[in-house]
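Welcome, and thanks for taking a look at this one. Below is a short tour, arranged by topic, to read alongside the structure.

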Amino acid sequence: MTKRRPEGLTATLLIGPATMVVLLSLVLPLALLARYSMNRYDRRTFMVEAFTPENYLRFVTDPFYTGVLWTTFSIAIVTTLLCLILGFPVAYKLARSQSRWKSIGVLLVILPLFIGSTVRALGWMGVLGRGGIVDAIYGALGGSGISLLNSSFAVALGILSINLPYMILTLQSVIEGIDARVEEAADSLGASPPRRFWHVVLPLALPGIGTGGILVFILAMNAYATPFLLGGARFQMMAPMLYREFAVNNNWPFAAAIAFILMLTTLTLTAASSLLVQRRYRAH
Amino acid sequence: MAKGSGSAAIQANGAQLSARLIVGALMVVAIALMTVPLLMTAYMSVFADGVVTFPPSGYTLSWYGKLAEFPKFGQALGTSLKVAAAATLLSLLIGVPASIALVRLSFPGRGLLNVLLLSPLTVPGVVIGLGLYVLLVEVEIRSELPLTGSDGVLILAHLLITTPWVVRLCVANLIQLDRSIEEAAANLGAPPGRVLWSVTLPMMRQGIVAAALFAFIVSFENIEMTLFLISPGTITFPISVLQYLEYRFDPLVASVVVVQTAVIALLLLAIDRYVKLSKVV
């Protein structure tokens with residue numbers, strides 16, 4: 001009982017600064033943004049104080065905006081699933097590797113993270129664009145001029161290549177935490193490799209799949225540079241649309257409403273999926 | 001009977017083989033997806049033509065020589081490195097103590113604070129950026145201080161996105177560490193501050209390095225949030241590349257990126273000598 005008081009004080013000193021930063025630069029701006037989203041846009045004065053839901057109504061009633069939300073959502077879901085399927089084997093191999101190449105492998109996964117999304121988009125432009133490798137091969141085979149840029153395919157490919165390293169690193173650390181002896185036990189009890197995977201490795205890796213999936217999903221919902229550079233002018237996703245509404249149209253109230261719709265969609269889905277993972281994890 | 005089990009075994013082997021092939025193919029695709037854009041960028045940087053067309057009419061290294069004529073990229077790289085380094089340092093300063101408090105101390109509201117400190121990870125970057133910009137404008141109007149576009153604002157904003165990574169990685173690291181060593185030190189008469197400085201922090205070394213690394217990454221390559229906070233004078237490196245690409249797509253920008261990649265790779269290799277990255281992440 002006597003120990004409680006100083007411990008509370010130490011805790012305040014230790015955790016206080018970080019809490020202040022989050023409160024001041026996340027909670028406060030979000031509160032302000034929520035207020036802005038209720039204001040009204042005016043052509044001359046830009047923003048008029050009001051208390052109206054019309055920005056939100058405009059978004060949900062206009063098929064253009066709901067379409068953009070739907071595109072963003074489907075790209076995010078597809079890339080997240082593909083990240084899981086493609087990332088798992090690499091993560092497993094890295095986690096279980098004992099060789100001296102392992103640290104090189106991990107470095108090669110980390111390196112692209114540092115290089116950023118613009119650079120990856122640049123590389124894909126050279127592969128998919130007009131005059132790019134695919135175009136040249138297609139031309140050599142007798143076709144005439146194709147560009148795979150400015151399509152949902154290009155955007156999905158770009159996002160996938162950016163998000164894969166995040167997924168691999170998350171999965172790798174979780175798989176490393178799984179005792180290799182559990183797998184050996186399954187093996188010596190006669191489980192075939194696929195069975196071992198479905199009934200032993202996968203259930204144990206589920207928390208990592210959840211964390212990695214959520215991380216990658218948020219990154220995809222949020223993507224700016226990839227849809228901007230690979231999607232072209234006609235392909236719309238939420239983040240570039242929000243930025244345009246803010247910077248080009250100067251419609252801050254509507255941009256604020258888009259921000260809240262994007263945030264709420266992301267939060268609802270991540271909360272739902274983490275609940276799902278938790279429930280399954282308890283059942284096992 | 002023997003024949004039956006034999007063919008079943010062959011069938012099982014066949015299934016295993018095809019499963020292996022599928023797994024192998026998945027790995028090849030994954031590795032290709034991560035490396036192709038980087039290799040392609042490096043390849044394009046030596047194209048002789050001013051327009052990227054494949055196959056090129058020839059190869060040249062002259063684009064690298066021209067880099068000096070575009071000081072904008074160098075300045076932007078400088079800004080990015082400065083902001084990322086400052087945000088990393090500051091987030092370690094506030095994030096490491098916070099994670100120690102979250103794991104080692106019990107106090108009311110601990111669960112809530114844990115959620116709060118990790119929450120910037122789940123809010124989309126464009127939302128944070130817009131919110132911060134709006135707040136800055138409100139503060140500017142009231143205080144008449146020129147805030148938007150200053151380095152300090154950029155560092156503070158990046159602090160918000162780097163701190164949750166520090167907390168997340170340090171908390172995960174602390175949970176794995178044996179608490180009894182700290183208790184032993186305390187029993188032997190070391191005051192709490194001494195325990196923290198000579199026992200807990202040295203034990204957390206790997207977690208702290210991983211945290212610093214990730215903090216640096218998320219700051220260095222952030223576009224979504226930074227987009228709202230830049231000004232013509234202060235631009236970060238990814239955004240300067242983005243703005244260039246909006247109008248032009250040529251080998252010059254590819255060579256810029258290759259130089260940046262080389263700098264980062266050397267940095268990583270240097271860190272790897274000091275702390276094994278494969279053990280850290």
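Let's begin with helix H6 of chain B, residues 151–176: at 1.5 Å a residue, its 26 residues should span 38 Å, and the end C-alpha atoms are 37 Å apart, which agrees. Please keep in mind that this is a predicted model. From that helix we can move out to the two chains, the side where they touch, and the nonpolar core.

**Helix H6 of chain B**

- H6(B) does have a bend, of about 30°, located at Leu160(B).
- A proline, Pro164(B), follows Leu160(B) within four residues.
- Of the 26 residues in H6(B), 19 are buried, so the rest of the structure largely encloses this helix.

**Chain B as a whole**

- Chain B has twelve helices and zero strands, giving the pattern α-α-α-α-α-α-α-α-α-α-α-α along the sequence.
- Why call chain B more spread out than a compact globule? Its radius of gyration is 25 Å, whereas the globule rule gives 19 Å for 281 residues; the chain's value is well over that, so the description fits.
- Along the principal axes, the C-alpha trace of chain B spans about 85 × 75 × 35 Å.
- Buried residues account for 41% of the 281 residues in chain B.
- If you take the contacts in chain B between residues at least 6 apart in sequence, 77% of them join residues at least 24 apart.

**Chain A as a whole**

- Chain A contains eleven helices and two strands.
- Starting at the N terminus, the elements of chain A run α-β-β-α-α-α-α-α-α-α-α-α-α, with the two strands coming right after the opening helix.
- The radius of gyration of chain A is 24 Å, while a compact globule of 284 residues would have one near 19 Å.
- Taken along the principal axes, the C-alpha atoms of chain A fill a box of roughly 85 × 75 × 35 Å.
- In chain A, 44% of the 284 residues are buried.
- Among chain A contacts between residues at least 6 apart in sequence, 71% link residues at least 24 apart.

**Where the chains touch**

- On the chain B side, 77 residues are in contact with 78 residues of chain A.
- Which helix gives the most to the side of chain B that touches chain A? That is helix H1 of chain B (residues 2–44), with 17 residues.
- This side of chain B is made up of 61 nonpolar, eleven polar and five charged residues.

**The nonpolar core**

- The largest nonpolar core has 162 residues, and those with the most contacts inside it come from both chains: Met238(A), Leu242(A), Ile258(A), Ala259(A), Leu130(B) and Ala211(B).
- Helix H6 of chain A (residues 152–177) gives the most to this core, with 14 residues.
- Leaving aside residues up to four places away in sequence, Ile258(A) touches Phe59(A), Met238(A), Met241(A), Leu242(A) and Glu245(A).

**A closer look at Arg195(A)**

- You will find Arg195(A) in helix H8 of chain A, which covers residues 193–221.
- Is Arg195(A) buried or exposed? It has 12 C-beta neighbours inside 10 Å and therefore counts as exposed.
- Between Arg195(A) and Asp62(A) there are 48 Å in space, C-alpha to C-alpha, and the two are 133 residues apart in sequence.

Conventions. Residues are numbered from 1 along each chain as its sequence is written. Chains are lettered from A and ligands numbered from 1 in the order in which they are written. This is a predicted model: local features need pLDDT of at least 70, side-chain atom pairs count only at pLDDT 80 or more; totals for chains, interfaces and linings use all residues. The expected span of a helix is 1.5 Å times one less than its number of residues. The bend at a residue is the angle between axes fitted to the seven residues ending there and the seven starting there. A residue is buried if 20 or more other C-beta atoms lie within 10 Å of its own, exposed if 12 or fewer, and partly exposed in between; C-beta atoms are placed from the backbone. Two residues are in contact if their C-beta atoms, placed from the backbone, lie within 7 Å. Ala, Val, Leu, Ile, Met, Phe, Trp, Tyr, Cys and Pro count as nonpolar, Asp, Glu, Lys and Arg as charged, and the others, Gly among them, as polar. The radius of gyration is taken over C-alpha atoms; the globule rule is 2.2 Å times the number of residues to the power 0.38. A nonpolar core is a set of buried Ala, Val, Leu, Ile, Met, Phe, Trp, Tyr and Cys residues joined through C-beta atoms within 7 Å.
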